[in-house]
Amino acid sequence: GEAQKIDRIMEKFASRYCESNPSTGLFASADAAYVLAYSIIMLTTDLHSVKVKNKMTKEQYIRMNRGINDSKDLPREYLESIYDEISQSEIKLKPTGATLPSGTGPTEKTRKQRAAYTQEMEQMGEAVKSMMEEVSRKQT
């Protein structure tokens with residue numbers, strides 16, 4: 001279902017990110033970029049959702065990402081920069097502009113909702129990629 005589509009999008013994103021940015025030497029594998037990208041999405045939700053009462057601290061975020069780089073840690077400064085960037089400016093998706101016409105049946109509505117959700121996840125992946133590249137540039 002949807003979770004598998006999102007997972008495939010994130011896997012492709014991580015693989016492509018590592019292929020496109022080999023000179024950074026930051027990630028030991030695409031798996032590390034994949035896990036970090038998911039952690040960025042989780043951090044964004046945690047810090048900016050009104051439904052989350054106890055917000056994740058910077059130290060908790062760093063602890064959550066321990067050992068994700070083939071059993072090694074990513075540089076603390078890198079994770080701190082990600083935390084600071086996300087805490088200061090939430091990753092926001094561009095409006096999809098998808099509206100459902102009146103009289104649309106549940107099957108068509110569900111299909112359009114799934115398509116919009118997939119598009120939003122792709123946008124989220126692009127936003128995470130841009131943020132990771134920006135933070136990487138600041139580290140060098």
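The legends below describe several close-up views of a predicted model of one protein chain.

**View 1. The helical framework of the predicted chain.**
In this model the chain holds five helices and zero strands, so that, read from the N terminus, the order of its elements is α-α-α-α-α. Of the 140 residues in the chain, 35% are buried. When contacts between residues at least 6 apart in sequence are considered, 69% of them join residues at least 24 apart. The chain exposes about 8700 Å², and 50% of that area is supplied by carbon and sulfur atoms.

**View 2. The largest nonpolar core and the helices that build it.**
This core has 31 residues, and F27, L36, I40, Y61, V128 and M132 are the ones that touch the most other members. At least two core residues come from each of α1 (2–20), α2 (30–48), α3 (58–64), α4 (76–88) and α5 (106–139). The most is given by α2, which contributes nine residues.

**View 3. The surroundings of I40.**
I40 is one of the core residues that touch the most other members, and the side of helix α2 that carries it can be followed through its partners. Leaving aside neighbours within four places in sequence, the residues in contact with I40 are Y61, I82, I86, I91, V128, M131 and M132. Among these partners, Y61, V128 and M132 also belong to the group of core residues that touch the most other members.

**View 4. Helix α2 along its length.**
The 19 residues of α2, at 1.5 Å a residue, should span 27 Å, and this agrees with the model because the C-alpha atoms at the two ends are 27 Å apart. The buried residues of α2 are A32, A33, Y34, L36, A37, S39, I40, I41, L43, T44, D46 and L47, a list that includes polar residues such as S39, T44 and D46.

**View 5. S29 in the loop that precedes α2.**
S29 is placed in the loop between α1 and α2. Is this loop residue, S29, buried or exposed? S29 counts as buried, because its relative accessibility is 19% and the cut-off for a buried residue is under 20%. Apart from its neighbours within four places in sequence, S29 is in contact with C18, N69 and D70.

**View 6. A salt bridge within helix α1.**
The model contains four salt bridges, and one of them joins the side chains of R16 and E19, with an N to O distance of 3.9 Å. Both residues, R16 and E19, lie in helix α1, where they are three residues apart, or about one turn of the helix. E19 has a relative accessible area of 53% and is therefore exposed.

**View 7. A salt-bridge network centred on the pairs of R76.**
E59, R76 and E80 are linked in a network of salt bridges. In one of its pairs the side chains of E59 and R76 meet at 2.5 Å, N to O, and this pair links distant parts of the chain, with E59 in helix α3 and R76 in helix α4, 17 residues apart. In the other pair the side chains of R76 and E80 meet at 3.0 Å, N to O; here R76 and E80 both lie in helix α4, four residues apart, which is about one turn of the helix. How accessible are the members of this network, and which class does each fall into? E59, at 32% relative accessibility, counts as partly exposed, R76 counts as partly exposed at 36%, and E80 counts as partly exposed at 23%.

**View 8. Aromatic pairs in α1 and between α3 and α4.**
The count of aromatic pairs comes to five. F13 and Y17 form a tilted pair, with 6.1 Å from centre to centre and 40 degrees between the planes; they are separated by about one helical turn, because they are four residues apart in helix α1. F13 and Y17 are both buried. A second tilted pair is formed by Y61 and Y83, at 6.3 Å centre to centre and with 45 degrees between the planes. Y61 lies in helix α3 and Y83 in helix α4, so this pair ties together parts that are 22 residues apart in sequence. Y61 and Y83 are likewise both buried.

**View 9. A cluster of aromatic rings.**
Ring pairs link F13, Y17, F27 and Y78 into a cluster. Within this cluster, F13 and Y17 are buried, and F27 is among the residues of the largest nonpolar core that touch the most other members.

Definitions and conventions: Residues are numbered from 1 along each chain as its sequence is written. This is a predicted model: local features need pLDDT of at least 70, side-chain atom pairs count only at pLDDT 80 or more; totals for chains, interfaces and linings use all residues. Side-chain values use heavy atoms; hydrogens and water are left out. Buried means under 20% relative accessible area, exposed over 50%, partly exposed in between (1.4 Å probe, protein chains only). Contact means heavy atoms within 4.5 Å. Accessible areas come from the Shrake-Rupley method with a 1.4 Å probe; for residues, only the protein chains shown count as cover. A nonpolar core is a set of buried Ala, Val, Leu, Ile, Met, Phe, Trp, Tyr and Cys residues joined through side-chain atoms within 4.5 Å. The expected span of a helix is 1.5 Å times one less than its number of residues. Rings of Phe, Tyr and Trp (its six-membered ring) pair if their centres lie within 6.5 Å; planes under 30 degrees apart count as stacked, over 60 as edge-to-face and the rest as tilted.
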